[in-house]
Amino acid sequence: MKVGYARTSTIEQVAGIEAQVRDLLAAGCDADNIFQEHASAVKQRDGLEEALSFVREGETLVVTKLDRLARSMPDLFRIVDRLKAKKVNLQILSMNIDTATPNGKLMLTMMGAFAEFEREIMLERQKEGIAKAKDKGKYIGRKPLPQTVKGTILAYVETGANKAWIARHLNLGQATIYRVINEHKFNKKTALK
């Protein structure tokens, strides 16, 4: 059985969703098995989650275009891994990719290899850029948190305040709160030795 998934970014794109549904029907999806939603790719996609939960072993999830399914290559491969775990195939109509075929599996693997290669090159360039900026004295890194703010955080923690509340109240990230607490614990341990 083929299960379809269609998505547009806004409710106003009615024609876009209708065209996707038409293509999914032509590809062999049953009208009752097409999941549709109007959601930005960056927001939670409940329709996609329903489709991924609905498909069963031996079935195929069908989308018209890659950008209707995934936000990025890592997102695509997380979805593909979920489908593989359920033994479900993926068909992308615009790219003529069907993981039920050896050619489709090869194409998807090649896409993943190119995406990983591109990511590695980007990270290498980033490291080189940071090194050059450090040499020129332009890259200093994160500014240290003032001792008064650290003291305020620790005072709130001692009163039993919730860490999320402390972060909101002081307009800081929760990771900063945890970093200050862990740093304080570490300093106490080393002072005792």
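**Entry 1: E183**

I began with E183 and asked whether this residue is buried, exposed or partly exposed. At 34% relative accessibility, E183 counts as partly exposed, because that category covers values between 20% and 50%. I am working from a predicted model here, and I keep that in mind throughout. I then placed E183 in the secondary structure and found it in helix α8. Out of curiosity I also checked E183 against I97, which lies 86 residues away along the chain. The C-alpha atoms of E183 and I97 are separated by 51 Å.

**Entry 2: the pocket with E183**

Next I looked up which residues line the second largest pocket. E183 is on that list, together with R142, K143, P144, L145, K150, T176, R179 and V180. I noted a volume of about 160 Å³ for the second largest pocket. Which helix gives the largest share of this lining? I found that helix α8, residues 174-192, does so with 4 residues. By residue class, the lining of the second largest pocket has 5 charged, 3 nonpolar and 1 polar.

**Entry 3: the largest pocket**

I moved on to the largest pocket and wrote down a volume of about 220 Å³. My list for its lining reads F77, V80, L83, K84, K87, V88, N89, L90, T99, K105, L108 and T109. Which elements supply at least two residues each? They are α4 (73-85), β4 (89-92) and α5 (102-135). The largest share of the lining comes from α4, with 4 residues. I sorted the lining of the largest pocket by class and got 6 nonpolar, 3 polar and 3 charged.

**Entry 4: strand β1**

Last, I turned to strand β1, residues 2-8, and asked how many of its residues are buried. The count is 6 of 7, so β1 is largely enclosed by the rest of the structure. For that count, buried means under 20% relative accessible area.

I then looked up the partners of β1. With strand β2, residues 34-38, β1 pairs in the parallel sense over 5 bridges. In that pairing I found Y5 opposite F35 in β2. Strand β3, residues 60-63, also pairs with β1 in the parallel sense, over 3 bridges. There I noted G4 opposite V62 in β3. A reminder to myself for viewing these strands: in a regular strand the side chains alternate between the two faces of the sheet.

Methods:
Residues are numbered from 1 along each chain as its sequence is written. This is a predicted model: local features need pLDDT of at least 70, side-chain atom pairs count only at pLDDT 80 or more; totals for chains, interfaces and linings use all residues. Side-chain values use heavy atoms; hydrogens and water are left out. On a 1 Å grid over the protein atoms alone, a cavity is a set of points where a 1.4 Å probe fits but cannot get out, and a pocket is an open set with protein on both sides within 12 Å along at least five of seven lines; lining residues have an atom within 4 Å of a point. Grid points are joined across faces, edges and corners, and a volume is the space filled by probe spheres set on the points. Ala, Val, Leu, Ile, Met, Phe, Trp, Tyr, Cys and Pro count as nonpolar, Asp, Glu, Lys and Arg as charged, and the others, Gly among them, as polar. Buried means under 20% relative accessible area, exposed over 50%, partly exposed in between (1.4 Å probe, protein chains only). Two strands pair if DSSP finds at least two bridges between them.
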